[in-house]
Amino acid sequence: MSQPPNPPTPTSARAPSATSSATSSFGREREARDLLARVLSERLLLFYAQSGAGKSSLLRTRLIPQLQEEKGFVVLPVGRVSGELPVGVAQVDNIFVFNLLLSMDEGADPARLAHVTLTDFLARLTRQSVPDAEGRERRGWVYDAGATLRPPRPAAGVTP
């Protein structure tokens with residue numbers, strides 16, 4: 001007796017990609033609505049689940065477009081935390097912060113982030129022209145050590 005073919009897994013239809021659209025997270029309207037409400041109402045939100053659960057797809061196809069298009073937010077790149085040092089970087093202050101910064105920065109030299117704090121990185125993150133894979137110019141996020149520090153914004157409803 002032959003076995004039926006394996007149905008596609010939930011994650012195979014929702015693999016993250018730069019070109020994915022809202023249709024790739026079909027059926028996740030409630031999750032997207034709930035996540036958007038949480039992001040808008042909380043100062044800090046930790047979004048976690050097991051690997052392959054579709055976190056990146058939900059962010060890229062639902063949450064980020066809603067924040068940008070419907071709510072008018074400027075959205076920073078999605079950051080990832082890992083534990084490996086790239087070739088050419090010998091020592092960093094914090095391996096996890098370093099890799100988070102590296103995942104968000106589109107600059108050329110990873111070593112320049114070795115001793116940067118998350119606070120300093122976010123205060124000096126700027127939109128600049130960067131080359132894409134084919135060498136064409138596009139707008140990207142780059143840490144600029146020479147940028148003027150922006151004072152942190154107070155939370156909504158909080159007086160400094």
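From the N terminus on, the elements of the chain follow the order α-α-α-α-β-β. That makes four helices and two strands. The model is predicted. The chain has 160 residues, and 28% of them count as buried. It holds eight salt bridges and one aromatic pair.

**Overall figures**

- The chain exposes about 11,500 Å². Carbon and sulfur atoms supply 56% of that area.
- Take the contacts in the chain with a separation of 6 or more: residues 24 or more positions apart account for 42% of them.

**Salt bridge between α1 and α2**

- Glu29 and Arg62 meet through their side chains in a salt bridge, at 3.6 Å from N to O.
- This pair links distant parts of the chain, with the two positions 33 residues apart in numbering. Glu29 belongs to helix α1, residues 29–41. Arg62 belongs to helix α2, residues 55–70.
- Glu29 has 39% relative accessibility, so it counts as partly exposed.
- Arg62 has 13% relative accessibility and therefore counts as buried, because the cut-off for buried is under 20%.

**Salt bridges of Asp105 and Glu106**

- Asp105 forms a salt bridge with Arg112, and their closest N and O atoms are 2.8 Å apart.
- Asp105 is buried, at 8% relative accessibility. Its partner Arg112 is partly exposed, at 28%.
- Glu106 forms a salt bridge with Arg138, and here the closest N and O atoms are 2.2 Å apart.
- The Glu106 pair links distant parts of the chain, 32 residues apart. Glu106 sits in the loop between α3 (95–104) and α4 (118–123). Arg138 sits in strand β2, residues 137–143.
- Both ends of this bridge are partly exposed: Glu106 has 29% relative accessibility, and Arg138 has 35%.

**A salt-bridge network**

- Asp132, Glu134 and Arg136 are joined in a network of salt bridges.

**The aromatic pair**

- The one aromatic pair of the structure is made by Phe121 and Tyr143. Their ring centres are 5.7 Å apart and their planes stand at 15 degrees, so the pair is stacked. The cut-off for stacked is under 30 degrees.
- The pair links distant parts of the chain: Phe121 lies in helix α4 and Tyr143 in strand β2, 22 residues apart.
- Phe121 is buried, with 0% relative accessibility. Tyr143 is buried too, with a relative accessible area of 7%.

**Nonpolar cores**

- The largest nonpolar core has 13 residues. Val92, Phe98, Leu101, Leu113, Val116, Phe121 and Tyr143 touch the most other members.
- Helix α3 and strand β2 each supply at least two residues of this core. The largest share, four residues, comes from α3.
- Apart from this core lies another, of nine residues. Among them are Ala32, Leu59, Ile64 and Leu67.
- Val92 of the largest core touches Leu85, Phe98, Ala114 and His115, leaving aside residues up to four places away in sequence.

**Val39 and its contacts**

- Val39 is found in helix α1. Val39 is partly exposed, with a relative accessible area of 29%.
- Val39 touches Leu45, Leu63 and Leu67, not counting residues up to four places away in sequence.
- Val39 and Leu63 are 24 residues apart along the chain, and their C-alpha atoms are separated by 9.0 Å.

**A nonpolar surface patch**

- Leu76, Leu118 and Leu122 make a nonpolar surface patch of about 210 Å².
- Leu76 lies in the loop between α2 and α3. Leu76 counts as partly exposed, at 35% relative accessibility.

How values were computed
Residues are numbered from 1 along each chain as its sequence is written. This is a predicted model: local features need pLDDT of at least 70, side-chain atom pairs count only at pLDDT 80 or more; totals for chains, interfaces and linings use all residues. Side-chain values use heavy atoms; hydrogens and water are left out. A salt bridge is a side-chain nitrogen of Lys or Arg within 4 Å of a carboxyl oxygen of Asp or Glu. Buried means under 20% relative accessible area, exposed over 50%, partly exposed in between (1.4 Å probe, protein chains only). Rings of Phe, Tyr and Trp (its six-membered ring) pair if their centres lie within 6.5 Å; planes under 30 degrees apart count as stacked, over 60 as edge-to-face and the rest as tilted. Contact means heavy atoms within 4.5 Å. A nonpolar core is a set of buried Ala, Val, Leu, Ile, Met, Phe, Trp, Tyr and Cys residues joined through side-chain atoms within 4.5 Å. Patches are made of residues with over 30% relative accessible area and no salt bridge: like charges are joined within 9 Å, nonpolar side chains (Val, Leu, Ile, Met, Phe, Trp, Tyr) within 5 Å. Accessible areas come from the Shrake-Rupley method with a 1.4 Å probe; for residues, only the protein chains shown count as cover.
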